[in-house]
Amino acid sequence: MAESEICVRDNHSACLLHPDYLGQVSEAWFSPEYWGKLARPVSSGGRGGAWFVDADGHQVVLRKYLRGGLMTRLSRSSYVFLGEQHVRSFAEFRLLNWLTELELPVPKPVAAWYRRMSPLHYQASIIIERIDNTAPLADLIGSLDDNGWRNLGVNLRRFHDAGVKHADLNCFNVLVRGGEFFLIDFDKGRIVQSPASAGWKSANLERFARSLRKLAGAKTQERVWYFLMNGYNGSQEA
């Protein structure tokens with residue numbers, strides 16, 4: 001077990017805690033109903049199931065793992081249990097811990113939880129620290145200047161150089177604060193063992209380009225992509 005996590009078990013549930021939150025987080029923290037008016041739904045992006053929470057003075061985000069697409073016909077919130085090492089909340093917690101140690105711009109994990117609903121299925125949630133004074137890139141596409149897009153490209157390159165593959169790189173999963181950029185929602189993200197291979201990086205960037213085109217149109221995407229790729233490739237061309 002890594003030094004940056006503590007595991008607490010109770011019957012059919014388990015929780016990973018960051019040591020900074022030992023003695024503070026309880027299983028009740030993973031229920032938005034527990035917080036009442038202190039929990040406010042996150043309105044932009046995603047499938048729902050996320051809340052901004054004032055947790056005893058800590059500003060955090062609570063997110064339940066929910067299915068999308070056709071899989072919702074089977075179950076909205078439960079997943080097949082293939083062993084604790086494959087539990088989505090635990091995997092994301094550990095990845096965020098590692099990225100934090102690499103000093104990449106991501107939210108710090110607070111706690112991850114899952115409960116076995118049956119021998120074959122589980123439900124899961126994660127709590128992360130909220131990054132103050134940010135807005136989703138999706139809300140700022142029209143106001144971000146050329147240098148901002150270049151800086152975003154520099155940041156995306158940092159993740160790729162570290163072998164970090166974000167499974168859903170889109171404009172809602174990039175947060176902006178002034179000239180800073182942060183990536184969030186690393187569900188199903190992973191470290192690619194052979195980061196020198198360019199194929200997954202190109203596919204990752206194309207996924208992000210599709211998100212830009214969908215929200216802002218092809219002309220805007222083409223214009224800003226020039227500056228983004230300048231930053232990604234280390235160029236300073238005007």
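Two strands pair if DSSP finds at least two bridges between them. Keep that in mind on this tour of a predicted model.

**Stop 1: a three-strand sheet**

Select residues 135-136, which are β9. Then add residues 174-177, strand β11. Two bridges join β9 to β11, and the two run antiparallel. For one facing position, pick P136: L175 in β11 stands opposite P136.

Now add β12, residues 180-183. The open sheet has three strands, in the order β9-β11-β12, with antiparallel pairing. Why is one side of β9 and of β12 left without a neighbour in the sheet? β9 and β12 stand at the edges, each with a single partner strand, so one side of each has no neighbour there.

**Stop 2: the helix across the sheet**

Select residues 146-161, helix α3. Helix α3 lies across β11 and β12. The helix runs at about 40° to β12.

**Stop 3: the loop after β12**

Move on to D185. D185 sits in the loop between β12 and β13 (190-191). Its phi is positive, near 60°, in a residue other than glycine. Is D185 buried, partly exposed or exposed? D185 counts as partly exposed, because its relative accessibility is 24%, and that class lies between the 20% and 50% limits.

**Stop 4: a hairpin and its next partner**

Select strand β4, residues 50-55, and strand β5, residues 58-64. Six bridges join β4 to β5, and these strands run antiparallel. A55 stands opposite H58 in β5. The two strands form a hairpin with two residues between them. Click on D56 in the turn: its phi is positive, about 55°.

Keep β5 selected and add strand β8, residues 121-129. β5 and β8 pair in the antiparallel sense over five bridges. Here V61 stands opposite I128 in β8.

**Stop 5: the loop at N11**

Go to N11. N11 lies in the loop between β1 (6-10) and β2 (13-17). N11 is not a glycine, yet its phi is positive, about 55°. Buried or exposed? N11 is exposed, because its relative accessible area is 75% and exposed means over 50%.

**Stop 6: helix α1**

Finish with residues 32-35, helix α1, and pick E33 within the helix. E33 counts as exposed, at 61% relative accessibility. Which side chain does the E33 side chain meet in a polar contact? Show S31: the side chains of E33 and S31 make that contact at 2.8 Å.

Terms used:
Residues numbered from 1 in each chain as written. Predicted model: local features only at pLDDT ≥ 70, side-chain atom pairs only at ≥ 80, totals over all residues. Heavy atoms only, no water. Helix = DSSP H or I, 4+ residues; strand = E, 2+ residues; numbered from the N terminus. Buried < 20%, exposed > 50% of the residue type's maximum accessible area, 1.4 Å probe, protein only. Contact = heavy atoms within 4.5 Å. Axes fitted to C-alpha atoms, helices over the stretch in contact; angles between N-to-C directions. Polar contact = N/O pair within 3.5 Å; in protein donor to acceptor, adjacent residues only side chain to side chain.
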